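Work through the exercises below with the structure in view. Each task is followed by a solution in steps.

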Amino acid sequence: MANTYDFGLVGLGVMGRNFILNVVDNGFTAFGNDLDGEKVAALINEGGDTEKVNASTDAKTFVEALSTPRKIMLLVPAGKIVDAVIKNLLPLLDEGDIIIDGGNSFYTDTDRREAYLKDKGINFFGAGVSGGAKGARRGPSIMPGGSREAYQHVKPIFEAVSAKYHGEPCVTYLGPKSAGNYVKMVHNGIEYAMMQLTSEIYDILKKAGGLSNQELHQTYASWNEGRLQSFLVEITAAILAQKDDLTDGDLVDMILDKAKQKGTGKWTSQNAMDLGIPVPTIDIAVSMREISALKEERVKADELYDRPSPEPVDKNVLIKDAEQALYFAFIIAYTQGMHQLADASKEYGYELDLGEIAKIWRAGCIIRAALLADITEAFQADKDLPNLLLSPSFVGKVQSTVAAARKLVSYGATNGIPLPGLSNSLTYFDAYTSERLPLNVIQGQRDYFGSHTYERTDREGIFHTEWGS
Ligand code: 6PG
């Protein structure tokens, strides 16, 4: 058994087990490791042939079973556990071996681990894996960052197991250090924004249009056949059709409206603030999860304030407008995420190719969508495109749908239906496309109270005024 298995995986939870079985389905041999004997037994049982897939609770047996350079993927919860697993494996490894962290680790943790392991001759990759448990089994989108040379050893396995878009693998080498984790973090920020948008469009269709769950299901299902085709629209349609096992109702009506979060959306927002890149649709998606958590306070506040009853609308017109508005806002969500990636690439030296990133998001990952084919083309046409809204191929798409976004946002504001993702997307669009903004007044105020100076529209230089004198 020694030194024969092609691939090692630590962490045999659902994601890990599914990933390793996917590796084996693609003709590689693999060996798993987990402290939990039941998980080890479950994998051996499911794998069938131990010459193809085997596992052990013992780290030494695990490491010795792998061919060199060893390719060991960790699918364990982000944080201290990653460090503990690395510490455990390190004395058993040889120079040139490769550790791949497949979890949602914070990018600075990845930089720290990469530098530490490089010193010891070990290659470390942060590789975001998207697609959930099903994706891990059938083909995820994989976002690896680390040493380009070492990636060559991992490449055949990752390309084989990843999702395919018209035959093209949804994985590519993204860049050095934490590039992979960073890209996955922003992927999740966009994911948060798209989830928020699909949920608030559901809300307005229900509250203003009076659509039943069945009609909502049909609406999302039909959208998924058109330009809104995406994993998140597809699963929203399925969620809206799900019957409840415990009552006679629909499951969606029984789910508590408090959304949890593990932190990747918040990290995206926080880091965008640090970089000085506006991502307001992502920011508000994080804030909405926070507001949702305040359930008890919301219930009390609801009793204190009146809310207008929604004015009647033509259901079919509303559905048409909602489709356009959602398409508009999806574009804005990607726009903000891609803008953040472009800036982070310069700031952190990732040398990201945005066209390649959009390309590997076209299948397998949670934010996969028909739109990503267009985004890929836009960045292929102009590698240095600073913002998707500046792409000639997006002007028509945005121009023809923004009016519907305005209509819905104003209806929501008048009728007390919160559409924060949509309104933030619209505000972002209106601000980004305004030649002149009122920030001249802010500069005047800053100079007035703090002598912070200002620039002028008509001549170069820095100016200060003794205001009121
Ligand atoms: C993916 C998902 C995955 C995970 C999210 C959930 O791409 O497969 O993003 O990584 O489901 O991290 O995040 P929250 O629990 O924060 O919603």
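**Exercise 1. Domains**

Task: State how far apart the centres of domain 2 and domain 3 are, and give the bounds of each domain in the chain.

Solution. Step 1: taken over C-alpha atoms, the centres of domain 2 and domain 3 are 38 Å apart. Step 2: domain 1 covers 7-177, domain 2 covers 184-432 and domain 3 covers 439-469. These bounds come from an automatic or database domain assignment. The model is predicted, so local features need pLDDT of at least 70 and side-chain atom pairs count only at pLDDT 80 or more, while totals for chains, interfaces and linings use all residues. Residues are numbered from 1 along each chain as its sequence is written, and side-chain values use heavy atoms, with hydrogens and water left out.

**Exercise 2. The ligand**

Task: Describe the shell of residues around the ligand and say where the ligand lies with respect to the domains.

Solution. Step 1: the shell holds 14 residues, and Ser130, Glu191, Tyr192, Lys262 and Arg289 come nearest. A residue counts as near if one of its heavy atoms lies within 4 Å of the molecule.

Step 2: sort the shell by class, which gives 2 nonpolar, 8 polar and 4 charged residues. Here Ala, Val, Leu, Ile, Met, Phe, Trp, Tyr, Cys and Pro are nonpolar, Asp, Glu, Lys and Arg are charged, and the others, Gly among them, are polar.

Step 3: helix H8 (residues 179-207) gives the most to the shell, with 5 residues. Helices (H or I, at least four residues) and strands (E, at least two) are DSSP runs numbered from the N terminus.

Step 4: both domain 1 (7-177) and domain 2 (184-432) give residues to the shell, so the ligand lies between them.

**Exercise 3. Polar contacts of the ligand**

Task: List distances from ligand oxygen atoms to N or O atoms of Asn104, Gly132 and Tyr192, and state how much of the ligand is buried.

Solution. Step 1: a polar contact is a pair of N or O atoms within 3.5 Å. Step 2: for the side chain of Tyr192 the distance is 2.4 Å, and for the side chain of Asn104 it is 2.9 Å. Step 3: Gly132 takes part through a backbone N or O atom, at 3.3 Å. Step 4: the ligand taken alone exposes 420 Å², and the protein buries 80% of that. Such areas come from the Shrake-Rupley method with a 1.4 Å probe.

**Exercise 4. Cavity and pocket**

Task: Give the volume and lining of the largest cavity, then those of the second largest pocket.

Solution. Step 1: on a 1 Å grid over the protein atoms alone, a cavity is a set of points where a 1.4 Å probe fits but cannot get out; a pocket is an open set with protein on both sides within 12 Å along at least five of seven lines; lining residues have an atom within 4 Å of a point. A volume is the space filled by probe spheres set on the points.

Step 2: the largest cavity has a volume of about 30 Å³. Its lining includes Gly103, Asn104, Lys184 and Trp267. H8 gives the most to this lining, with 3 residues.

Step 3: the second largest pocket has a volume of about 340 Å³. Of its 19 lining residues, Phe231, Glu234, Ala363, Gly364 and Arg368 lie nearest its centre. Domain 1 (7-177) and domain 2 (184-432) both give residues to the lining, so this pocket lies between them.

**Exercise 5. Backbone**

Task: Locate Pro69 and His166, and describe the backbone at each.

Solution. Step 1: Pro69 is in the loop between helix H3 (59-64) and strand E4 (71-74). The peptide bond from Thr68 to Pro69 is cis, with omega near -10 degrees. Step 2: His166 is in the loop between strand E8 (164-165) and strand E9 (168-169). Its phi is near 45 degrees, a positive value in a residue other than glycine.

Technical notes: Polar contact = N/O pair within 3.5 Å; in protein donor to acceptor, adjacent residues only side chain to side chain.
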